[in-house]
Amino acid sequence: MDLAPLSADRVRVLVINAGSSSLKASVLEPPGRDAVATAEFDWGADATRVAGRDSAIVEVVEAIASAGIAPSTIDAVGYRVVHGGTRFTAPTRIDDMVIKAIEELSSLAPLHNRIAAETIRAGRDRLPRVPHVAVFDTAFHASLTPAAYRYAVPERWFRDWGIRRFGFHGLSVAWSTGRAAELLQRPLVELRLVVAHLGSGCSVTAVDAGRSAETSMGMTPLEGLVMGTRAGSIDPGVILDLLRRSLLSLPQLEDALDHGSGLLGVSGMSADVRELLAAEGAGDEAAALALELFVRRAAAGIAGIASAIPSLDALVFTGGIGENSGPIRKRIVDRLGVLGIREIAANDVLEDALLSAPPARPAVLRIAAREDVVIADGVRALLETA
């Protein structure tokens, strides 16, 4: 269906963010950033194991209608899609072929892309008369140089099989960089940042003048830091050994690394930091170990990624854990004195804020992830030029 270009100053966008643990929806309209309606559905630690996910779109539309936003007033729907591979490096109008391509990338993001495709189909069925647009997490990292996205594997692996790094959480990082410039009252082009997105999935990204310079996640969202149910980086020899000795089948191994590792695997009880902190306080040694691993790997990731930029102006914490857990932020920062980062308080801060005392540099910031704003802006920019 051919559609006339839409003026960005009037496009009301329903943003659908189907993550690995929840579905978040918000309605945004210019010129403000605040959502005029929101809805959220908690899928637990692992959305792939929840039945009836497609019904969440129906509930979303009902929820925003209850908030006074009639479905007929929605001009466009924008979706967060985690993996766009090398094909999708900008917001893309969705058709059947795009959905198929998103599904074909599911092997590289099994906790995300399949759910995204399923959600998109449900959204198109529920709101068939408006344009639907996919906005990709990997797109922000299209600025990575070959030295940042290549693995040290045989050339054929890259050339013929596409083995390379992509990076994720790009929408969150894009928002955090712009918001950091506002909070620090400095032009973005002057800033060098490390953004730590800590949530169900975790990553760190070095940002130089608004562009991704290095990031911890790789070809898939499994690489890098310890996460909720994902192992993060481990010795590939461990995987080879488990397969060689037939201790686990390939499906069992995939399931363990995606669904049974990380905070959940080490603690044996939960992927929720709040529950683990409470258990640690009650003397649970496994919970304490899980948190220590999480903190150590996050701090090491931040310190390592900072080497990709000439200097460091600020460390940004974002994502569910990064935004909401003061104790975890403090434990991480306490390990980063080598970068000149000074101590911060362990208290929970519930709004965007400078956590370090000025004029400390690098500064430490807490910024709430607003992927919905980045998605809505991407949708409007695409439709205005369509």
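Here is a short walk through one cavity and two helix contacts in this model. The model is predicted, so local features need pLDDT of at least 70 and side-chain atom pairs pLDDT 80 or more, while totals for chains, interfaces and linings use all residues. Residues are numbered from 1 along each chain as its sequence is written, and side-chain values use heavy atoms, without hydrogens and water.

Let's start inside. A search of the whole structure finds one cavity of 30 Å³ or more (a set of points on a 1 Å grid over the protein atoms alone where a 1.4 Å probe fits but cannot get out; lining residues have an atom within 4 Å of a point). Its volume is about 30 Å³, taken as the space filled by probe spheres set on the points, which are joined across faces, edges and corners. Leu14, Ile16, Ile57, Val61, Val77, Tyr79, Gly123, Arg126 and Leu127 line this cavity. By class, seven are nonpolar, one is polar and one is charged.

Helix 3 (113-126) supplies at least two residues of that lining, and it also packs against helix 2 (residues 96-104) at about 160 degrees, with the axes 8 Å apart. The two helices are therefore roughly antiparallel (over 145 degrees). Asp96, Ile99, Ile102 and Glu103 of helix 2 make the contact with Asn113, Ala117, Ile120, Arg121 and Arg124 of helix 3 (heavy atoms within 4.5 Å).

Further along, helix 10 (residues 273-281) and helix 13 (residues 326-334) pack at about 80 degrees, with axes 10 Å apart. That makes them roughly perpendicular (65 to 115 degrees). Here Val273, Leu277 and Glu280 of helix 10 meet Pro327, Ile328 and Arg331 of helix 13.

Definitions and conventions: 1 Å grid on protein atoms, 1.4 Å probe; cavity = no way out; pocket = protein on both sides within 12 Å on 5 of 7 lines; lining within 4 Å. Helix = DSSP H or I, 4+ residues; strand = E, 2+ residues; numbered from the N terminus. Nonpolar A, V, L, I, M, F, W, Y, C, P; charged D, E, K, R; others polar. Axes fitted to C-alpha atoms, helices over the stretch in contact; angles between N-to-C directions. Parallel < 35°, antiparallel > 145°, perpendicular 65-115°, else oblique.
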